[in-house]
Amino acid sequence: MANKKQIAQKTESLVVVENQPAVPIEVSLFKNLSENLKKIRSLEGILGYIIRNGISAEIDLQEPEKLVEYAIFTSQIVDSSQELAELFTLGGLKTMLVEGAEFKVLILIINENKINIFMKNNIDHIKIAEKISP
Amino acid sequence: MNSTVYTSALQNTLSEIKNICPEVSNSFVFNDSDLIAKDDSTSKKNIDQAIVAFNLVEKEAKTIGGLKSIRVEGTKGKLNLAYMDKFNLATVISNKADENYVNTITKVLVPTVIKLVDEIKVISPEIEAEINENPKPIAEPPEKDLEIKQETSQELSEIKNPPVTLIEPPANEKVEVVGGLNYNPNTEDNSENQSIEEKSPIEFEDNNFLAEPPVTQLIVEKLGGILVPSDTVRIDKEIIEKWTELFDGKKIKMVHIENVNGKSTQSKFRNIKSSKHAGKGVIRIPDKIQLELETSKGELVTIKPVID
């Protein structure tokens, strides 16, 4: 009897978890990523970031007037990368790094969240990526 | 030099990279929208589409001051694009590959090959220019031609025949150069040599062996007096002796005198008797010749013997 009761309790608790709506998980992930981004934003050499998903977006740029320019550029990177991934069978996109003469852009795709981080060329982007998504 | 040289060199390089790193599934090199080289496993259609995708990113890259590299990481593989000075190198590797190892090879090997091709490209026009600037002389002046032909026949005779002791004849004698030498008439070299012989005169004129008359610069001194002939200049005895020695057997009756402006005349000459003027590097010229030469005392003139 005691064993049966225990099983029933466990099952009950599992049901409760499965019935949790999907949106809150995404929201919490977005919140976590956003907090991590805020932390790395204070680091020297980080010029700003853009994080967005289907519901929310957050922007923090050193030069806000360049938002449209940056948004178009990063959008083009993602579009081209998707095409390249299809052509050369790279699978689902995870990260993209575009280095320029002045600075570089790291794009991370974590679930539905697309994160663009603008940083100086001397910044270790691998460490930055680890800090955002441990 | 066009891009085919780069294509050939880079094509081989990409093949070698694939041999060294089998994890490299695709690689190609392009410039703007032109494909320069690709490995065997990559289709041109895919590359063309990829180049368009790269160029779209590059178009917007002014935001970051121009593109240096693109790295795309997927769940199955990675793509790296390195923008070099002239060309862009794209490599696709599997996630199992040691990315650092592949990058080390590709980012060293490909630029080195490009640099080598560039150096060949730089050297080639230089050599071409040098050849154009200093073409091999086709026609030599007659005197030089004669010398070369003489040497050639001499060299050939040394190769084909045992060494012959040559006795230098006197300069004023007629000399037969190759008439007495034995050649095998059946050999090709000899036939060429014979044609050379036909072109070159076998007998040399006496004048060909005469030394160029030496030119001596002297200072003009006036020569006057009642008994002094007006058509004769006086020069140092040593000069006359040198001429006699140099042109042995030749009669030197006249001297050619030229002033600094190029005006010249010929006159008889005798040696200076006066110890006052002897050995001083002067030429004593009567007034008549001075007028003719438009020169005067203290001016410089050059003299050389007139050989009969």
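What is the volume of the second largest pocket? About 570 Å³, and the legends below look at that pocket and a few other spots in this predicted model.

Some housekeeping: this is a predicted model, so local features need pLDDT of at least 70 and side-chain atom pairs count only at pLDDT 80 or more, while totals for chains, interfaces and linings use all residues. Residues are numbered from 1 along each chain as its sequence is written, chains are lettered from A and ligands numbered from 1 in the order in which they are written, and side-chain values use heavy atoms, with hydrogens and water left out.

**View 1. Chain A, from one end to the other.** The elements of chain A run α-α-β-β-α-β-β-β-α from the N terminus, which comes to 4 helices and 5 strands. Helices (H or I, at least four residues) and strands (E, at least two) are DSSP runs, numbered from the N terminus. The average pLDDT of chain A is 84, with 82% of the residues at 70 or above; pLDDT is the predictor's confidence in each residue, from 0 to 100. Residues 1–18 of chain A are the part to treat with care: pLDDT is below 50 there, and the stretch makes 0 contacts in the model beyond near neighbours in sequence. Contact here means heavy atoms within 4.5 Å. Of the 134 residues in chain A, 41% are buried, where buried means under 20% relative accessible area, exposed over 50%, and partly exposed in between (1.4 Å probe, protein chains only). Take the contacts in chain A between residues at least 6 apart in sequence, and 43% of them join residues at least 24 apart.

**View 2. The second largest pocket, with both chains in its lining.** A pocket is an open set of points on a 1 Å grid over the protein atoms alone, with protein on both sides within 12 Å along at least five of seven lines; a cavity is a set of points where a 1.4 Å probe fits but cannot get out, and lining residues have an atom within 4 Å of a point. Grid points are joined across faces, edges and corners, and a volume is the space filled by probe spheres set on the points. This pocket has 28 lining residues, and the closest to its centre are His125(A), Ile126(A), Arg71(B), Glu73(B) and Glu99(B). Among the elements that each give at least two lining residues are strand E3 (93–100) and helix H4 (125–132) of chain A, plus strand E3 (67–74) and helix H3 (99–133) of chain B. By type, the lining splits into 12 nonpolar, 9 polar and 7 charged residues. For that split, Ala, Val, Leu, Ile, Met, Phe, Trp, Tyr, Cys and Pro count as nonpolar, Asp, Glu, Lys and Arg as charged, and the others, Gly among them, as polar.

**View 3. Helix H3 of chain A and the loop residue Thr89(A).** H3(A) has 21 residues and spans 30 Å from its first C-alpha to its last, close to the 30 Å expected at 1.5 Å a residue; the expected span is 1.5 Å times one less than the number of residues. Its buried residues include Tyr70(A), Phe73(A), Ile77(A) and Leu84(A). After H3(A) comes Thr89(A), with a positive phi near 50°. Thr89(A) sits in the loop between helix H3 (67–87) and E3 of chain A, and counts as exposed because its relative accessibility is 52%. Most residues other than glycine have a negative phi.

**View 4. The second largest cavity, with residues from both chains.** There are 2 cavities of 30 Å³ or more by this rule, and the second largest has a volume of about 30 Å³. Its lining includes Ser80(A), Val98(A), Phe54(B) and Ile70(B). H3(A) gives the largest share, 4 residues. The lining divides into 7 nonpolar, 2 polar and no charged residues.

**View 5. Two buried strand residues in chain B.** Chain B has 7 helices and 11 strands, and 35% of its 308 residues count as buried. Thr91(B) is in strand E5 of chain B and counts as buried because its relative accessibility is 4%. Leaving out residues up to four places away in sequence, Thr91(B) touches Asn26(B), Lys78(B) and Thr106(B), among others. Leu223(B) lies in strand E6 (residues 216–223) of chain B, and its relative accessible area of 6% makes Leu223(B) buried. Leu223(B) and Gln290(B) are 67 residues apart in sequence, yet 9.6 Å apart in space, C-alpha to C-alpha.
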